[in-house]
Amino acid sequence: MAGPPKMEREPVVLCEKIMLPKSGASACVVTLNRPDRLNCFNFQVCHELSNIFSTLLRDDSCDLVIFTGAGKNFCAGADLSNPPNPLEASSDLPQNLVDNPIHQMSLLQVPIIGAIQGH
């Protein structure tokens, strides 16, 4: 039986609020922070993204979200050494939607801009 997923020491997702000087609007920059692993998704990334987007749902001061990745690449996909559970990640069951970052993003009422780099 596999144990709990290994947690990384550095934050795997960062969130920083910035002001956009010309408009006066505020943006939340959400950054995948695993450049050494090409920012690939694992259980911890999914969990932290879900928490961040869930928090942004209650943050009236954020006018838009900029979603990006640290380093040279945005995201290489799933981390096959520690992947999220595909049955839970794609499930519509309420207990699984809480940790589904795509579901949490779909609930946001502000634009999400992808700042995508890489090839």
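**Group meeting talk: D79, its partners and the core**

I start with one residue, D79, which counts as buried because its relative accessibility is 3%. The model is a predicted one, so please keep that in mind for everything that follows, since side-chain atom pairs count only at pLDDT 80 or more.

Where does D79 lie? It is in the loop between β3 and α2, and α2 covers residues 86-89. Leaving out residues up to four places away in sequence, D79 touches R34, R37, C40, F41 and N42. Two of those names, R34 and R37, come back now.

Take R34. The side chains of D79 and R34 are joined by a polar contact of 2.9 Å. R34 also forms a salt bridge with D79, with the closest N and O atoms 2.9 Å apart. This pair links distant parts of the chain: R34 is in the loop between β2 and α1, D79 is in the loop between β3 and α2, and they are 45 residues apart. Is R34 buried or exposed? R34 is buried, because its relative accessible area is 4% and the cut-off for buried is under 20%.

Now R37. The side chains of R37 and D79 meet in a salt bridge as well, at 2.9 Å from N to O. R37 lies in the loop between β2 and α1 and D79 in the loop between β3 and α2, so this pair ties together parts that are 42 residues apart in sequence. R37 has 36% relative accessibility, so it counts as partly exposed. Put together, R34, R37 and D79 are linked in a network of salt bridges.

How many salt bridges are there? The count comes to 3. I have not yet shown you the one between the side chains of D59 and K17, which is 3.0 Å from N to O. D59 lies in the loop between α1 and β3, while K17 is in strand β1, residues 13-19, so the pair ties together parts that are 42 residues apart in sequence. As for exposure, D59 counts as partly exposed because its relative accessibility is 22%. K17 counts as partly exposed too, at 42% relative accessibility.

Back to the loop between β2 and α1, for a residue that I have not named so far. N33 lies in that loop. Its side chain reaches the backbone oxygen of P11 at 2.8 Å. Which residues is N33 in contact with, leaving aside its neighbours within four places in sequence? They are P11, V12, V13, L14, N39 and A70.

Next, the nonpolar core. The largest one has 18 residues, and those with the most contacts inside it are V13, V30, L32, L49, F53 and L56. The elements that give two or more residues to this core are β2 (26-32), α1 (43-57) and β3 (64-69). Which element gives the largest share? That is α1, with 6 residues.

L49 is a good residue to click on here. Not counting neighbours within four places in sequence, L49 is in contact with V13, V30, L32, F41, F67 and P101. You have met F41 before, as one of the residues that D79 touches. V13 was also on the list of contacts of N33.

Last topic, the cysteines. In general, a disulfide is a covalent bond between the sulfur atoms of two cysteines. How many disulfides does the structure hold? It holds 0. C46, for instance, is in no disulfide, and the nearest cysteine sulfur, that of C75, is 9.2 Å away. The cut-off for a disulfide is 2.5 Å between the sulfur atoms. C46 counts as buried because its relative accessibility is 10%.

C62 is another cysteine to find on the screen, in the loop between α1 and β3. D59, from the salt bridge with K17, lies in that loop too. With a relative accessible area of 6%, C62 is buried. Its contacts, leaving aside neighbours within four places in sequence, are S26, A27, C28, L56 and V110. L56 is among the core residues with the most contacts. The C-alpha atoms of C62 and M19 are separated by 9.6 Å, and these two residues are 43 residues apart along the chain.

To close, I return to the start: D79 is buried at 3% relative accessibility, and it is linked with R34 and R37 in a network of salt bridges.

Key
Residues are numbered from 1 along each chain as its sequence is written. This is a predicted model: local features need pLDDT of at least 70, side-chain atom pairs count only at pLDDT 80 or more; totals for chains, interfaces and linings use all residues. Side-chain values use heavy atoms; hydrogens and water are left out. A nonpolar core is a set of buried Ala, Val, Leu, Ile, Met, Phe, Trp, Tyr and Cys residues joined through side-chain atoms within 4.5 Å. Buried means under 20% relative accessible area, exposed over 50%, partly exposed in between (1.4 Å probe, protein chains only). Helices (H or I, at least four residues) and strands (E, at least two) are DSSP runs, numbered from the N terminus. Contact means heavy atoms within 4.5 Å. A polar contact is a pair of N or O atoms within 3.5 Å; within protein, one must be able to donate a hydrogen and the other to accept it, and residues adjacent in sequence count only if both atoms are side-chain atoms. A salt bridge is a side-chain nitrogen of Lys or Arg within 4 Å of a carboxyl oxygen of Asp or Glu.
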